[in-house]
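User: Please take a close look at a single short part of this model, and then set it beside the way the rest of the chain packs.

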Amino acid sequence: MTASARLHISEEFPAMLERIDALGESIEANAEAADTLGRLTADTAKALLGTGIIRAGLPENLGGYEFSPRQLIHTIERLSYHDASAGWTMMALQMMTGTTAAYLGAVAAADLFPDIASGAHALLSGHGTRPGRAVPVDGGYLVSGEWQFASGMALATHIHSAIQVEGTGEARILAMPKSQVTLVDNWDVLGLRATSSIDYHCTDVYVPQTHTYRATTMDPANGGAIYRIGIVNMSAIVHTGWALGVGRRLLDELKLYAAQKSGTFHAAVDTAQFHAEYATAEAKLRAARAWVRQAWQENEETLAAGELLSTEQETLIRLVLNHTTWTAHDIGQTVHRWAATTAVRRGPIERFLRDLNTGTQHLTSGPIVLQTCGKWLSGAQPEAHWEFLDLVD
């Protein structure tokens, strides 16, 4: 079996979780300041980058750790438990940087990822679903466009953007220096405030062909079998981990709140109704997590056998993400209902609730994806296959 077909399981995984947990107290202590700042504090950002969490998503042959899907899910879950915005920031940087390293060829890899093991590599942020315009010219493209929601942009060195080639309509992804775009400091939102998910734009910027790749590719130039699932499924991995971590933290915060309020005057948390609803929320979260592990274990077995995922498996990846995200949202509603005024005063519960409600608005967890999954699962489009976010006959 060739290296590109092999599923890599990293031995660095346990140490990564330990490094993240060791930072837990400081991440949480800085979370309120980051929320006000609109990006992670310098101390938190430096510490998290120092854990090698970005390297976890980078190809092994370039010097990355190349975690397996379940290792990536668990890593983002653990970080997001400590702080939802920190988890969102790092999952975005990790996914965009990792896929760029995997799908671009030798010329771009030498430019952007010269020495990953020593920390010499690009960090990419951007937007990959609504494309800009790419006009073909000798050796590359002149790129123009406006993009939104570039999570982690404050830490990025380079831009990751979707483009559509004029004349052919082909969708591609580019990598270019952040200095070549105009940043728009407009991240004034309800939740995920610390993710610096700002807008940006550019006009007629030259991007060489070597620094672009087909948006639908499942043929990595670097790395093993994990990158043969494509960029949309890579995104689903980390978003799934994020939802699990946030859901778990909110439920644990409600447990702490209940312990503090139990025995006080007219404590709602001493009622049978509270106990029943807490148990229901616990069951929902554990069931969602079990399905995540089952689905991705089966996906890993397919990849380890050197095969591509089936349309059913790709459909379930999207459905698992949707289900996990909205299960976390349901748990958030339970927490909000029973935490009383604590849920609206500044603090961990209030911040996690805001971040969760904002995270549910991401395109990959939206109603269109759920409807499209239903088309295939119900037999309405039995011969279709996935291309990016759409079913194609």
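Analyst: Helices here are DSSP runs of H or I with at least four residues, numbered from the N terminus. The model is predicted, so local features need pLDDT of at least 70 and side-chain atom pairs count only at pLDDT 80 or more, whereas totals for chains, interfaces and linings use all residues. Residues are numbered from 1 along each chain as its sequence is written, and side-chain values use heavy atoms, with hydrogens and water left out.

The part I would choose is helix H3, residues 42–50, in which Thr44, Ala45 and Leu48 are buried (under 20% relative accessible area, with exposed over 50% and partly exposed in between, for a 1.4 Å probe and protein chains only). These buried residues line one face of H3, because they fall within an arc of 95 degrees when seen down its axis, the arc being that of the directions from the helix axis to the C-beta atoms. The face turned away from this buried side carries the exposed residues Ala42, Asp43, Lys46 and Gly50. On the buried side, the residues of H3 pack against helix H2 (24–37), helix H4 (69–82) and helix H5 (84–103), contact meaning heavy atoms within 4.5 Å. Just after H3, Gly52 takes a positive phi of about 85 degrees.

Two of these neighbouring stretches also matter for Trp242, whose contacts, leaving aside residues up to four places away in sequence, include Ile76, Ser80, Ala84, Gly87, Trp88 and Met91.

Methods
Helix = DSSP H or I, 4+ residues; strand = E, 2+ residues; numbered from the N terminus.
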